[in-house]
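Thanks for coming. I will go through one structure today, starting with its metal sites and ending with what sits around them. Please have a look at it before I begin.

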Amino acid sequence: MITIHAASADLADLDVDVVAVGVFKGGIEGPGTAQVLAALGLDDFPITPGFRGDVGQTLRLAAPGQPFGSVLLVGLGRMDGVSPASLRRAAGDVARAVPKARRIATTLAEVHPTRAAIEAVADGLALGSHVAQRFRSAPEEVGEREATLLLPSSPLGDAEEAIRRSRTTCAAVAFARDLVNTPPGQARPAEIAEAVTDHLPAEVRVTVHDEAWLAEHGCGGLLGVGRGSAAPPRLVERTYEPENPLAHVVLVGKGITFDTGGLNLKPGTSMMTMKCDMGGAAAVAGALAAIGELGCRAKVTGLLALAENAIGGDAQRPSDVLTTFDGTTVEVVNTDAEGRLVMADALGYGRSLGADVLVDVATLTGAAVVALGPWTAALMANDDGLARDVADAAADAGEDVWRLPLPVELDAWLESPVADIDNLGRDKGAGALLAGLFLQRFVGDVPWAHLDIAGPAFLGAQDVRGHQPEGGTGFGVTTLVSFLQRQSG
Ligand code: BES
Ligand code: MN
Ligand code: ZN
């Protein structure tokens, strides 16, 4: 864990292991950078030809005879591109570049000493320091880490408040990451339901709907997908309700605890990362946990659609037909397109709760990864204003999203010869859009936004960047929290 505080100390008085200072692209020095370099007897920049202040670059320099143990230069990218988001990334790079440092001080928050930027730097340090090693027999001692955000001057009251907010959201992100990283045999639907029930601020109510409830309420999607597994599906409902709420926002998360593909079995290499297929549910759970503490003006319901897509003697078959919560019949053309089946039930149920806004988060399609790569989530929506709000919230939160269209002509591709709709669609490309169009069938005219997080929910070692680590990233938590906190009427 990390403790962060703000201080307006002099660099020369710092007793720390490393002081991290920023450098903009082209070698332009950030706050305090010239001073620490001068203390090291360096005034010519660049120090090494390779370090140019690019985003993602770090360079550690020894600091013999100085009170601070060493200096870490971190690239900030173009000076005119500085934002809370770029500082969050840089602070994450700092935290990961010095994994053994116990005491860190940084001037990064001085680059842009607004509340949002201070919170972003605190986020980056905390999220970049989070390590997943619960499942090692002999975990490395990580110990307590302490970070000081250097700021120009008092009052630091606002900074302390920003740091407190950051602590709450980062704990929620860490919770979501841990859920994703848990081995899938130990995180089946009932186990995840239990984990999110235990981890609950007092302000949030929770109900776990079991398979009997699902049958009674006609949740054929969750039941159909769950049939192949010995561990039955669950629908978790969490509610945060302030006094006189302005609106009712329903968040829906895809919670496939493991996606084998079902009878349309995935090849081994594609299956390997499929414990991440509940990343949407983890993000919704994390967002509710944070909102319970931070508060917001809307009533918020979080729905976690939990099922394991396994194979077994009772598994659903390609060409089976199921009926979802709202009565729509779906031909299961491909059992590996299971996410949209469980989401159909949860979206329909969310609508029946009287949602004014629906936002869903799902590791829905490999096609979204083909289109946008590992870091960027696909955003689709039936409402331009809502799409803009979600995109703005994501930009604040330092998560990359990019909007994709929902062309009305493609809707016909979902037609089935035997049921209302089929779950695959004419397989002619546009896979992410077809999945979005499928979900759109279940939201009626409620303003709805869909985030396909198949890429950024889970990163390979080669794709680690900034505050986003290897494995489960907790992607979506901070976007949802910032979206909910923007709800003002
Ligand atoms: N869970 C996968 C999507 C996915 C892929 C998530 C890669 C994270 C990384 C989803 O259930 C799936 O299997 N989708 C299929 C859909 C297809 C059968 C229409 C896919 O993308 O191949
Ligand atoms: Mn699948
Ligand atoms: Zn899936």
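**Two metals and a ligand**

The manganese ion, ligand 2, has 6 donor atoms around it, and the angles they subtend run from 71 to 169°, which makes the arrangement irregular. Keep in mind that this is a predicted model.

Which residues hold the manganese ion (ligand 2)? Asp259 and Glu338 coordinate it through OD and OE, and Asp336 does so through both O and OD, at 2.1 to 2.2 Å. Along the sequence, the spacing of these donor residues is D-x76-D-x1-E.

Now the other metal. The zinc ion, ligand 3, has as its protein donors Lys254 (NZ), Asp259 (OD), Asp277 (OD) and Glu338 (OE), which lie 2.0 to 2.4 Å from the ion. The sequence spacing of the zinc donors reads K-x4-D-x17-D-x60-E.

What is the arrangement around the zinc ion (ligand 3)? It is octahedral, because the 6 donor atoms subtend angles of 78 to 171°. For reference, the ideal angles for six octahedral donors are 90 or 180 degrees.

How far apart do the manganese ion (ligand 2) and the zinc ion (ligand 3) lie? The distance is 3.2 Å, and aspartate 259 bridges the two ions.

That leaves ligand 1. It sits in the second largest pocket. There are 16 residues around ligand 1, and those that come nearest are Lys266, Asp277, Asp336, Glu338 and Gly366. By type, the shell around ligand 1 divides into 7 charged, 5 nonpolar and 4 polar residues.

Three aspartate side chains are worth pointing out on the screen. In aspartate 259, a side-chain N or O atom is 2.9 Å from an oxygen atom of ligand 1. For aspartate 336 the partner is also an oxygen atom of ligand 1, at 2.8 Å from a side-chain N or O atom. With aspartate 277 it is a nitrogen atom of ligand 1 that lies 2.8 Å from a side-chain N or O atom. Taken alone, ligand 1 exposes 520 Å², and the protein buries 78% of that.

Methods: Residues numbered from 1 in each chain as written. Chains lettered and ligands numbered in written order. Predicted model: local features only at pLDDT ≥ 70, side-chain atom pairs only at ≥ 80, totals over all residues. Heavy atoms only, no water. Near = heavy atom within 4 Å. Polar contact = N/O pair within 3.5 Å; in protein donor to acceptor, adjacent residues only side chain to side chain. Areas by Shrake-Rupley, 256 points an atom, 1.4 Å probe, with all protein chains shown as cover. 1 Å grid on protein atoms, 1.4 Å probe; cavity = no way out; pocket = protein on both sides within 12 Å on 5 of 7 lines; lining within 4 Å. Sits in = over half its atoms within 2 Å of the grid points. Nonpolar A, V, L, I, M, F, W, Y, C, P; charged D, E, K, R; others polar. Donors = N, O, S within 2.8 Å, 3.2 Å for Na, K, Ca; no water. Tetrahedral: all angles 85-135°; square planar, octahedral: opposite > 155°, others 65-115°.
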